[in-house]
Amino acid sequence: TISSLWHGSLLVGTDALHISDCASWNQSDVPYDFVTAPGGEMTITFDGDLQQSTAVFNDSDNENSLPVEILLHGISFSSDPLENGVILIYTIRNTGDALLNDFQAALWMDFDALGSWGNDYAGYDAGMGLGFQHDENGIWVGMGILSHEPASFRAVNNGDWVDNGFTDSEKYQFMTEGFVVTNPDDTDDWSLFQSAPAVDLA
């Protein structure tokens, strides 16, 4: 079995100075903000072809913590029609005293179709709200937000953005800029960035 996902992260934030995530392949360049909450270590259960996992984490390692606590519930199946797919359910709780205005959540996924970087196409299907990558061998991977209509999407050229240090201001830009670089023509080392609409989180 070849994993086509090199790295990925949930991102949450309210502005360019308050972004919490683990969106970087090099932790020495961009420190991770999320840590496991007390008692929140990942658990994994199996029931036939159903696998479920849960974990709880917070952004207490961020010097500009929002603060939030996040329950992650993962669901995957080993049989059709959802084989090779994973559903990630995030429950996000504001653990501070203040209302988090214009709170946004996003996903960044650095796929490498067939486990090889640098030779993927990337794109976005607006009708399905689905970002995707594929290679010339017919291997397709992708992601989409199931709970809301997406608010933004970008195919991210890793060499231009991620490899040189993925800054919080760049991440916030991608969360809020709408639909940009949705169907680039060339093969390259791409990743996918998609955000949900902003809400006020009490």
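**Close-up 1. Arg-154 sits in strand β12.** In this predicted model, β12 covers residues 152–157, and Arg-154 is part of that run. Arg-154 has a relative accessible area of just 7%, which is under the 20% cut-off, so this arginine counts as buried. Its side chain does have a polar partner: the side chain of Glu-177, at 2.7 Å. Leaving aside residues up to four places away in sequence, Arg-154 touches a mixed set of neighbours. Among them are Trp-161, Gln-173, Phe-174, Val-180 and Val-181, plus Ser-191, Leu-192 and Phe-193. Keep Ser-191 in mind for the next view.

**Close-up 2. Ser-191, in strand β14, has polar contacts to two other side chains.** Strand β14 takes in residues 190–195. Is Ser-191 buried or exposed? Ser-191 is buried, because its relative accessible area is 0% and the cut-off for buried is under 20%. One polar contact links its side chain to the side chain of Trp-108, at 2.8 Å. Another goes to the side chain of Asn-158, at 2.7 Å. Both of those partners also turn up in the list of residues that Ser-191 touches, once residues up to four places away in sequence are set aside. That list also includes Met-109, Asp-110, Gln-133, Ala-155, Val-156 and Val-162. Arg-154 from the previous view is one of the residues touched as well.

**Close-up 3. Strands β9, β10 and β11 make an open, antiparallel sheet.** The strands line up in the order β9-β10-β11. On the edges are β9 and β11 (140–144), each of which pairs on one side only. Direction ignored, neighbouring strands here are turned by 20° against each other on average. Zoom in on the β9 and β10 pair and you find 5 bridges, in the antiparallel sense. A handy spot to get your bearings is Gly-123, which stands opposite Phe-132 in β10.

**Close-up 4. Met-128 lies in the loop between β9 and β10.** The loop follows β9 (121–125) and leads into β10 (130–134). Met-128 has a relative accessible area of 63%, and since anything over 50% is called exposed, this methionine counts as exposed. For a sense of distance, look across to Ile-145. The C-alpha atoms of Met-128 and Ile-145 are 9.7 Å apart, with 17 residues of separation in sequence.

**Close-up 5. Strands β1 and β2 form a hairpin.** Just 2 residues lie between the two strands. β1 spans residues 5–15 and β2 spans residues 18–21; they run antiparallel and are joined by 4 bridges. Which residue of β2 is the bridge partner of Leu-11? The partner is Asp-21.

**Zoomed out. The close-ups belong to a protein with 1 helix and 15 strands.** The C-alpha atoms fill a box of roughly 50 × 40 × 35 Å along the principal axes. The radius of gyration is 17 Å, which agrees with the value near 17 Å for a compact globule of 202 residues. Of those residues, 42% count as buried. As for the surface, about 10,600 Å² is exposed, and carbon and sulfur atoms supply 52% of that area. Take the contacts between residues at least 6 apart in sequence, and 61% of them join residues at least 24 apart.

Definitions and conventions:
Residues numbered from 1 in each chain as written. Predicted model: local features only at pLDDT ≥ 70, side-chain atom pairs only at ≥ 80, totals over all residues. Heavy atoms only, no water. Pairing = 2+ DSSP bridges. Buried < 20%, exposed > 50% of the residue type's maximum accessible area, 1.4 Å probe, protein only. Polar contact = N/O pair within 3.5 Å; in protein donor to acceptor, adjacent residues only side chain to side chain. Contact = heavy atoms within 4.5 Å. Axes fitted to C-alpha atoms, helices over the stretch in contact; angles between N-to-C directions. Rg over C-alpha atoms; globule rule 2.2 N^0.38 Å. Areas by Shrake-Rupley, 256 points an atom, 1.4 Å probe, with all protein chains shown as cover.
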